[in-house]
Amino acid sequence: MFSYRHAFHAGNHADVLKHITLIATLRHLMRKEAGITLIDTHAGAGLYRLDGDYAQTGAEARDGVVKLMATLRPHGQAPAAAATAIDDYLDLIASYNPSGTLRVYPGSPFVMHPLMRTESRDRLKLFELHPTDSRTLAGNIEQLGAGRQIAVARQDGFEALRPLLPPPPSATGSKRALVLIDPSYEIKSDYAKVSSCMQDALKRFPTGTYLVWYPVIPRPEAHELPRRLKTLSNQAQRPWLHATLAIGRDPADGPDDRPGLTASGMFVINPPHTLKATLAEALPQLLGHLGRGKGQGQALESGG
Ligand code: SAM
């Protein structure tokens, strides 16, 4: 337990897919006046140094955000044309790196924060169980001076979600929530916890927007999870969208090398109606820029 530290993986292809989907979803939800509750059940440390010891160890960002930025926003040259969702994502990353050199990667809390509206209309609830990461997260959030608008708790995110749903009504009386469920899947039981957590959430608050990230790995639980989420959404008669991005094997790896994580998926329940077209434009471009060869691919399916 707790050997996972997101700092090793920050800015990798999985973060790119996850955060692009998150930004595109939030952009749409923020078009409505009414305030919204944002819940991040597995928030991580919040901010990561791409030039720090952790990130260097895996250097995973090099096959993710670093490659995307270098290709689409080359230093000293005009930016290349890209899908709106990719541009939006790179703008947000660039806002954390005003010098133009990629040093800082914003995790999900810091992806969400710039999109929140002031006057306390929106709320952000963050949960992180790792003792060090939750302390770092609390410190990073403190710097924002956001007061009661953002709450950080060192708590099990699966359990913390239940009492938060349904969310309190906004000033206009409507109840709105976006929930990001992004566990490390370090322990096998995380897969089952995601399913039961979603089953409960859909009963308590069927109209919430739920985003679940999962790794595409050769493990029965990982294959089963998106199937299970489809079934749950269909049973609850809620629409869903399922996006996957596989960057394929690193050509530098030998046949016996362990490839690391090469693919992941985002399952969105109650997606904004614009999200499918947005991701349909972005995914092939992401694959074009991040794909490494054997095993690469992307897919987008929807239902409900
Ligand atoms: N959502 C973050 C982002 O996009 O930047 C990354 C989160 S990382 C994939 C998963 C995090 O969940 C890790 O920081 C881990 O310590 C934390 N974690 C593991 N089990 C947890 C639990 N039951 N409740 C809350 N956090 C947990």
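The side chain of His 13 reaches the backbone oxygen of Leu 261 at 2.8 Å, and this is a good place to enter the predicted model. His 13 is found in helix α1, which covers residues 13–29. With a relative accessibility of 4%, His 13 counts as buried, because the limit for that label is under 20%.

Let us move on to Lys 18, which has two neighbours worth a look. A polar side-chain atom of Lys 18 lies 3.2 Å from an oxygen atom of the ligand. The charged end of Lys 18 also sits over the ring of Trp 213, 5.5 Å from the ring centre. From here the path can go two ways, to the ligand or to the aromatic residues.

Take the ligand to begin with. There are 21 residues around the ligand, and those that come nearest are His 42, Ser 108, Glu 128, Gly 157 and Asp 182. For Gly 157, a polar backbone atom is 2.8 Å from a nitrogen atom of the ligand. Asp 156 contributes a polar side-chain atom, which lies 3.4 Å from a nitrogen atom of the ligand.

Now back to Trp 213 and its strand. Trp 213 is in strand β7, residues 209–215. How many residues of β7 are buried? Seven of its seven, so to speak of β7 as mostly covered fits well with the under 20% limit for each residue. Thr 209, Leu 211, Trp 213 and Pro 215 point one way from the strand, while Tyr 210, Val 212 and Tyr 214 point the other way, and all are buried.

What lies alongside β7? β6 pairs with β7 in the parallel sense, over four bridges, and here Ile 181 has Val 212 as its bridge partner in β7. Together with helix α8, these two strands make a right-handed β-α-β unit. β9 runs antiparallel to β7, and six bridges join the two. Val 212 appears again in this pairing, with Phe 267 as its bridge partner in β9.

With the strands in place, we can turn to the rings. A pair of aromatic rings is described by the distance of the centres and the angle of the planes. The count comes to four aromatic pairs in this model. One of them joins Tyr 185 and Trp 213: the ring centres are 6.0 Å apart and the planes stand at 50°, so the pair is tilted. This pair links distant parts of the chain, with Tyr 185 in the loop between β6 (177–181) and α8 (189–204) and Trp 213 in β7, 28 residues apart. Tyr 185 is buried, at a relative accessible area of 5%, and Trp 213 is buried too, at 8%.

Another pair is made by Trp 240 and Phe 267. Their centres are 5.4 Å apart and their planes at 20°, so this pair is stacked. Here the chain positions are 27 residues apart, with Trp 240 in strand β8 (residues 240–246) and Phe 267 in strand β9 (residues 263–269). Trp 240 is buried, with a relative accessible area of 7%, and Phe 267 counts as buried at 0% relative accessibility.

One last stop brings the aromatic side of Trp 213 together. Which residues form one aromatic cluster with Trp 213? They are Tyr 185 and Tyr 191. Trp 213 is thus a handy landmark when you turn the model: its ring has the charged end of Lys 18 over it, and its strand β7 pairs with β6 and with β9.

Methods:
Residues numbered from 1 in each chain as written. Predicted model: local features only at pLDDT ≥ 70, side-chain atom pairs only at ≥ 80, totals over all residues. Heavy atoms only, no water. Phe/Tyr/Trp six-rings, centres within 6.5 Å; stacked < 30°, edge-to-face > 60°. Buried < 20%, exposed > 50% of the residue type's maximum accessible area, 1.4 Å probe, protein only. Lys NZ or Arg CZ within 6 Å of the ring centre and 35° of its normal. Pairing = 2+ DSSP bridges. Right-handed = clockwise from strand over helix to strand, strands pointing away. Near = heavy atom within 4 Å. Polar contact = N/O pair within 3.5 Å; in protein donor to acceptor, adjacent residues only side chain to side chain.
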